[in-house]
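Colleague: I am new to this structure and should like to learn how to read it. May we go through it feature by feature?

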Amino acid sequence: MLRSAEQSNPAGRPNLVDSFGRTVRDLRISVTDRCNFRCTYCMPEEGMTWLPRTVVLSYEELHRVARICVERFGVDGIRLTGGEPTVRAHLPVLIEKLASLTVPVDADSPRAGRPIDVALTTNGATLALVADDLRRAGLSRINVSLDTLQHAKFRHITKRDELDSVLEGIDVAVAVGLHPVKVNVVVQRGVNDDEIVALAAFGRDKGVEVRFIEFMPLDAQGHWLSDAVVGQDEIVAVINNVFPLEQLPARGAAPADRWRYLDGVGTVGVIPTVTKPFCSDCDRVRLTADGQFRTCLFATDEFDVRHLLRNGASDDDVEALMRRAVGEKWAGHRIGQVSFVRPRRSMSQIGG
Ligand code: SAM
Ligand code: SF4
C-alpha cells in the first residue's frame, strides 16, 4: 500500500511518513563541518574548505528546526554529529536547549510525553574534558569513534596523536554516567581488519558496545574501493571464532545488527550499510551544518531550510518543505550498482 507523507497515527497527529511507508523518528544534526582529526576515510590531511561561519546555523536556528520536528512530526531522538561536534563552542548550551524538548503526549512514540533522547557522535579527543558538562546539559548517549588501539596506526588513520586522549575520554564518559557509551569502528581491509578481535575484547573489558561500521563511499577524496570494505559476515565470523556470539532480535529502525557474547559479557554490533543495506527500515532525516535538509546520507538532493529560517518563513513553511523532502525520499542507496552516484558532499560535510 502506498502511504502518504501526511499519514496519521491512531491519536491523530500526522506522522512524517515517506512514500514507502517509513515513519521519520530520528533527526541527525551536523553542528559543524570542521574537525580536529583528518581520518583518511573521511577527509584529506590538507585542503578541506570549511563552510563560512555565516552560513552555519546558530543554536537558535538549530533549536527551531528541532522543535518543529519534535512538535510537528513526533521526532523523539536527535543525534548531534559533524565534522567534530565538540569543536563547536558552547556545545552544552545547544544540548540543554534540545534536551528541554518534549515529545508530544499524542505522538506515536514510546517516548510520548517525555523529553527527547539527545545523543552525540564524537572522535573523543576532548571528551575527558567535556563529558561531565555534556551529561549535565542533558546528553544521554554517546558514540566515540576509535578504529585502532595502536598508537602508530592511530596516527596513520587520524593524522593526530590522540589515542590516549580518546581512551581516557571513553573512561570518563562511562564514569560520569553517560549511557550507553558505544565505540564506532570503521573497518578497512589492510588497515585495521587485523584488530577486529582486539577491539571487540576492548569493548568487553570496558563494558561498552563496539559497533563495527562497513567502510562507505563517502570519503572526501573518492578513494573508496569495494575491496577495502570488510563485510558484516566476515566481521562476525572473526569475532565468533574467539568470542562465540548469538544474534539478537531484529534491529527495527536502528542501523546496527547486534549480537550478544554467549559468555554473557556484553554485546557487539555491526552497521552493514554496504553489504546488507537497512534502507527499508530507515527512520532518519538529516540537517547539515549549513541548514540543508537531507533524507539520506547518500541523497543527491538537499532542501534549503536555512533560506526559510532566514527569510521570515513560518513553522508551517518549514514543515511543508520537510514533508515535501520526505515525500521524495528514495527507497535506498545503490552502492555497488552501476546507477550509484556519490553525493556531492562527503561524510564530514553531511554529518555522519
Ligand atoms: N567526528 C565525529 C566522529 O568521528 O565520531 C562525528 C562525525 S563522523 C563523520 C561520524 C561517524 O562516521 C564516525 O564514527 C566515523 O568513523 C564515521 N565515518 C566517517 N567516514 C566514514 C566512511 N567513509 N565510512 C564509514 N564510516 C565513516
Ligand atoms: Fe573528523 Fe569524524 Fe571525519 Fe574523523 S570521521 S575526520 S573525526 S569528522
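**Reading the core, a helix and the loops**

Modeller: In helix 6 (residues 196-206), the residues I196, L199, A200, F202, G203 and R204 are buried. Please keep in mind throughout that this is a predicted model.

Colleague: What covers the buried residues of helix 6?

Modeller: The cover includes two helices, helix 5 (163-175) and helix 7 (232-242). It also includes strand 5 (181-187), strand 6 (209-214) and strand 8 (257-261). Just after helix 6, G207 takes a positive phi of about 75°.

Colleague: How should one read a nonpolar core, and which residues have the most contacts inside the largest one?

Modeller: In soluble globular proteins, nonpolar side chains tend to be buried together. Here the largest nonpolar core has 106 residues, and L80, F212 and I239 have the most contacts inside it. Helix 1 (residues 59-73) gives the most to this core, namely eight residues.

Colleague: With which residues is F212 in contact, leaving aside its neighbours within four places in sequence?

Modeller: F212 is in contact with I196, L199 and A200, among others, and these three are also buried residues of helix 6. Further contacts of F212 include V185, V187, I235, I239, V268, G269, V270 and I271.

Colleague: Let us turn to loops. Is L51 buried or exposed?

Modeller: A position in a loop should be read together with its accessibility. L51 is found in the loop between strand 1 (26-32) and helix 1. L51 counts as buried because its relative accessible area is 15%, and the limit for buried is under 20%. Not counting residues up to four places away in sequence, L51 touches D33, R34, V56, A289, D290 and R345.

Colleague: Where does D76 lie, and which residues is it in contact with beyond its neighbours within four places in sequence?

Modeller: D76 lies in the loop between helix 1 and strand 2. With a relative accessible area of 11%, D76 is buried. Beyond those neighbours, D76 is in contact with R25, V103, S109, P110, R111, I116 and D117. One of these pairs illustrates how sequence and space are read together: D76 and R111 are 35 residues apart along the chain, while their C-alpha atoms are separated by 6.5 Å.

Colleague: How do A331 and G332 read in terms of accessibility, and what are their places?

Modeller: G332 lies in the loop between helix 9 (315-327) and helix 10 (347-350), and the place of A331 is in the loop between helix 9 and helix 10. G332 counts as buried at 16% relative accessibility, whereas A331 is partly exposed at 42%. From C-alpha to C-alpha, G332 is 8.8 Å from C282, with their places 50 residues apart in sequence. A331 and D281 are likewise 50 residues apart in sequence, and 9.9 Å apart in space. Not counting residues up to four places away in sequence, A331 touches F20, R22 and C279.

Colleague: Backbone angles are another feature. What is the phi of H90, and what is that of K159?

Modeller: The sign of phi is read together with the kind of residue. Phi of H90 is near 60°, a positive value in a residue other than glycine. H90 is found in the loop between strand 2 (77-82) and helix 2 (91-99), and at 60% relative accessibility it counts as exposed. For K159, also a residue other than glycine, phi is positive and near 65°. K159 has its place in the loop between helix 4 (151-158) and helix 5 and is partly exposed, with a relative accessible area of 26%.

Colleague: Which peptide bond is cis?

Modeller: The bond from H179 to P180 is cis, with omega near -5°. P180 is found in the loop between helix 5 and strand 5.

Colleague: Finally, which residues line the second largest pocket, and which surround ligand 2?

Modeller: A lining is read by its members and by their classes. T32, R34, R53, V56, V87, R88 and A89 line the second largest pocket, in which lies about 150 Å³ of space. Its lining divides into three nonpolar, one polar and three charged residues. Ligand 2 is surrounded by C35, F37, C39, Y41, C42, M43, G83 and N123. By class, that shell has six nonpolar, two polar and no charged residues.

Notes. Residues numbered from 1 in each chain as written. Chains lettered and ligands numbered in written order. Predicted model: local features only at pLDDT ≥ 70, side-chain atom pairs only at ≥ 80, totals over all residues. Heavy atoms only, no water. Core = buried A, V, L, I, M, F, W, Y, C linked by side-chain atoms within 4.5 Å. Buried < 20%, exposed > 50% of the residue type's maximum accessible area, 1.4 Å probe, protein only. Contact = heavy atoms within 4.5 Å. 1 Å grid on protein atoms, 1.4 Å probe; cavity = no way out; pocket = protein on both sides within 12 Å on 5 of 7 lines; lining within 4 Å. Points joined across faces, edges and corners; volume = space filled by probe spheres on them. Nonpolar A, V, L, I, M, F, W, Y, C, P; charged D, E, K, R; others polar. Near = heavy atom within 4 Å.
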